[in-house]
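Got your viewer ready? Load the model, colour it by secondary structure, and let's walk through it together.

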Amino acid sequence: MKKRAKTPPSRRRSALKWLGCLLTLMLLCSVSGIYPLLPRQGAEDLRRRQGMAPAEMTRSFYDPTLVGMRTSRIYLMANEDTLLLAASRFHPLTGWAGFWRGAAAVEEGLPVQAGYQMVSDRSGRILYLYGRVDDATISSLTFTLSWMEEEGETWRFSKGLQKTIGQEELFAAPDGHTYFFSSLSLGKGEDFLQRVFLSCNDSAGNPILWPGRYQEQPTASFEVWQWTSTSILND
């Protein structure tokens, strides 16, 4: 009885076999941390490199406003001591990796823990406002931003901007805290963000008072010190 000659595998079967091997290798590399396959892995690696303790992932989002951010995902992470806004970007050779971060340290006694991160590239600038709301009576938050621009050898006041964050932008996280995140597209410009103040209102629209940073008397606003600025290239 003649043995049937073995039929060589088709190109399709060979391609599927090699694809399966490649995916298995990528999965093993992802688990071992050599080639992160998930954007969250890049953000977590950035958190560890910054020396931040394990944190809750409260929200992740994609923002294509800037050209340099169109292969990135942004994460808002938090623990009891720190808030971290981290971006993770994909590269075919290295996988997902963190490439900028904004961190805000939790300050005792404030009703809101807030920070802001400004990211810029050749296509424009965007300001991210983020934080945790520790006062349950707060219904809205208003950031007041002052900008300066250079005039000869001096700086002069350029403009003032306000950004109000309403109840619909507040969200609860699994850790039991309430957080907020918002953004403000600024376009291109040569002006400089000098100061940011935050004030809060309750559901009736009344300002919420707390001891000011410099005043002995309660005030309706405080200066936000926790900020970072990042310039990214997008050649």
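Start with the whole surface: the chain exposes about 14,000 Å², and carbon and sulfur atoms supply 54% of that area. Accessible areas like this come from the Shrake-Rupley method with a 1.4 Å probe, and for residues only the protein chains shown count as cover.

Before you click further, know that this is a predicted model: local features need pLDDT of at least 70, side-chain atom pairs count only at pLDDT 80 or more, and totals for chains, interfaces and linings use all residues. Residues are numbered from 1 along each chain as its sequence is written, and side-chain values use heavy atoms, with hydrogens and water left out.

Now switch to cartoon. You'll find two helices and 15 strands in the chain. Both kinds are DSSP runs numbered from the N terminus: helices are H or I with at least four residues, strands are E with at least two. Of the chain's 235 residues, 43% count as buried; buried means under 20% relative accessible area, exposed over 50%, and partly exposed in between (1.4 Å probe, protein chains only).

**Stop 1: a four-strand sheet**

Select residues 82-91 and 95-105. These are strands S3 and S4, which pair in the antiparallel sense over ten bridges. Two strands pair if DSSP finds at least two bridges between them. S3 and S4 form a hairpin, with three residues between them. Try clicking some partners: Leu85 is bridged to Gly102 in S4, and Phe90 to Trp96, also in S4.

Zoom out a bit. The open sheet here has four strands in the order S1-S2-S3-S4, with antiparallel pairing. Which strands stand at the edges? They are S1 (56-61) and S4; each has a single partner strand, so one side of each is left without a neighbour in the sheet. From one strand to the next, the twist averages 25°.

Next, add residues 39-49. That's helix H2, which packs on the sheet and touches S1, S2 (72-78), S3 and S4. Its direction makes about 50° with that of S4. Contact means heavy atoms within 4.5 Å, and axes are lines fitted to C-alpha atoms, for helices over the stretch in contact, with angles from 0 to 180 degrees between N-to-C directions.

**Stop 2: the nonpolar cores**

Show Leu127, Leu141, Phe143, Phe180 and Leu198 as sticks. They have the most contacts inside the largest nonpolar core, which has 26 residues. Such a core is a set of buried Ala, Val, Leu, Ile, Met, Phe, Trp, Tyr and Cys residues joined through side-chain atoms within 4.5 Å. Which strand gives the most to this core? S7 does, with five residues. Apart from this core lies another, of 20 residues, among them Phe61, Ala87, Val119 and Ile232.

**Stop 3: salt bridges**

The structure holds eight salt bridges, each a side-chain nitrogen of Lys or Arg within 4 Å of a carboxyl oxygen of Asp or Glu. Pick Arg125 and Asp191, whose closest N and O atoms are 2.9 Å apart. Arg125 lies in strand S6 and Asp191 in the loop between S10 and S11, so the pair ties together parts that are 66 residues apart in sequence. Both Arg125 and Asp191 are buried.

Then go to Arg132 and Asp134, which meet in a salt bridge at 2.8 Å, N to O. Buried or exposed: how does Arg132 count? Arg132 counts as buried, at 4% relative accessibility, while Asp134 is partly exposed at 35%.
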